Amino acid sequence: ASPSPPPPSASPSPPPPFLPPSSPPSSYCGPTTCHSSTSAVVGNEYWSDALIAAGFDESELCRIRLGNEQDHVWYYDCETTCVGYGSKNDAPCTGVFCSGGTTYGYGSQQAAAVKSAIGNGGQHKYCSLPDFSFAGYRASPSTAGTQ
């Protein structure tokens, strides 16, 4: 009798496609040069899922950041997209493109608007931010660019 062949070896599992939720974003995306008041979407399951559903590739998520409660705007490569960021019913949404009309809109609407902004060279085509400084902070025309 001939010896039986060795059992097939299991192939190694591929690495995860992007940052596991338990890991800090900086370990995957590396250091950011964005203003410290912005926050990463990587590691935030809600926003990561919304952005992927809107057509972003997982590799692009490190380039997208959320503003804060003062500026309420999405960032791409540390530049404002002019798309308002906030809870769906937060109102009034002013000075930015408001995905929900007078509110920030649902996450899926905001993610689609960010995708549209990137396709338009980085800012939404209906951008209404003449008083925003280079860094995206809300500023009056007399102080724009000084923050």
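Student: Which residues touch the most other members of the largest nonpolar core?

Tutor: This is a predicted model. Its largest nonpolar core has 18 residues. The members that touch the most others are V41, W47, L51, F56, I64 and W74.

Student: Which elements give two or more residues to this core, and which gives the largest share?

Tutor: Two helices and two strands qualify: helix 2 (45-53), helix 3 (107-119), strand 2 (64-66) and strand 3 (73-76). Five residues make up the largest share. They come from helix 3.

Student: Which residues are included in the second core?

Tutor: This second core is separate and has six residues. Among them are V73, Y75, C93 and V96.

Student: Is W47 buried or exposed?

Tutor: Buried means under 20% relative accessible area. W47 has 8% relative accessibility, so W47 counts as buried.

Student: What does W47 touch, leaving out residues up to four places away in sequence?

Tutor: Sequence neighbours up to four places away are not counted here. The contacts of W47 are then V41, L66, W74, Y85, G107 and Q110.

Student: How many aromatic pairs are there, and what is the geometry of W47 and Y85?

Tutor: The whole structure holds five aromatic pairs. A ring pair is described by the distance of the centres and the angle of the planes. For W47 and Y85, the centres are 5.9 Å apart and the planes stand at 65 degrees. Planes over 60 degrees apart count as edge-to-face, and the W47 and Y85 pair is edge-to-face.

Student: Why does the pair of W47 and Y85 tie together separate parts of the sequence?

Tutor: W47 lies in helix 2. Y85 lies in the loop between strand 4 and helix 3. The pair therefore joins parts that are 38 residues apart in sequence.

Student: Which residues form an aromatic cluster with W47?

Tutor: W47 belongs to one aromatic cluster. The other members are Y46, W74 and Y85.

Student: Which side chains meet in a salt bridge, and how many salt bridges are there?

Tutor: The side chains of D77 and R63 meet, at 2.5 Å from N to O. The count of salt bridges comes to one.

Student: Where do D77 and R63 lie?

Tutor: D77 is in the loop between strand 3 and strand 4 (79-84). R63 is in the loop between helix 2 and strand 2. The pair therefore ties together parts that are 14 residues apart in sequence.

Student: Which residue lies over the face of F56?

Tutor: The distance from the ring centre is 4.7 Å. The residue over the face of F56 is K115.

Definitions and conventions:
Residues numbered from 1 in each chain as written. Predicted model: local features only at pLDDT ≥ 70, side-chain atom pairs only at ≥ 80, totals over all residues. Heavy atoms only, no water. Core = buried A, V, L, I, M, F, W, Y, C linked by side-chain atoms within 4.5 Å. Buried < 20%, exposed > 50% of the residue type's maximum accessible area, 1.4 Å probe, protein only. Helix = DSSP H or I, 4+ residues; strand = E, 2+ residues; numbered from the N terminus. Contact = heavy atoms within 4.5 Å. Salt bridge = Lys/Arg side-chain N within 4 Å of Asp/Glu carboxyl O. Phe/Tyr/Trp six-rings, centres within 6.5 Å; stacked < 30°, edge-to-face > 60°. Lys NZ or Arg CZ within 6 Å of the ring centre and 35° of its normal.
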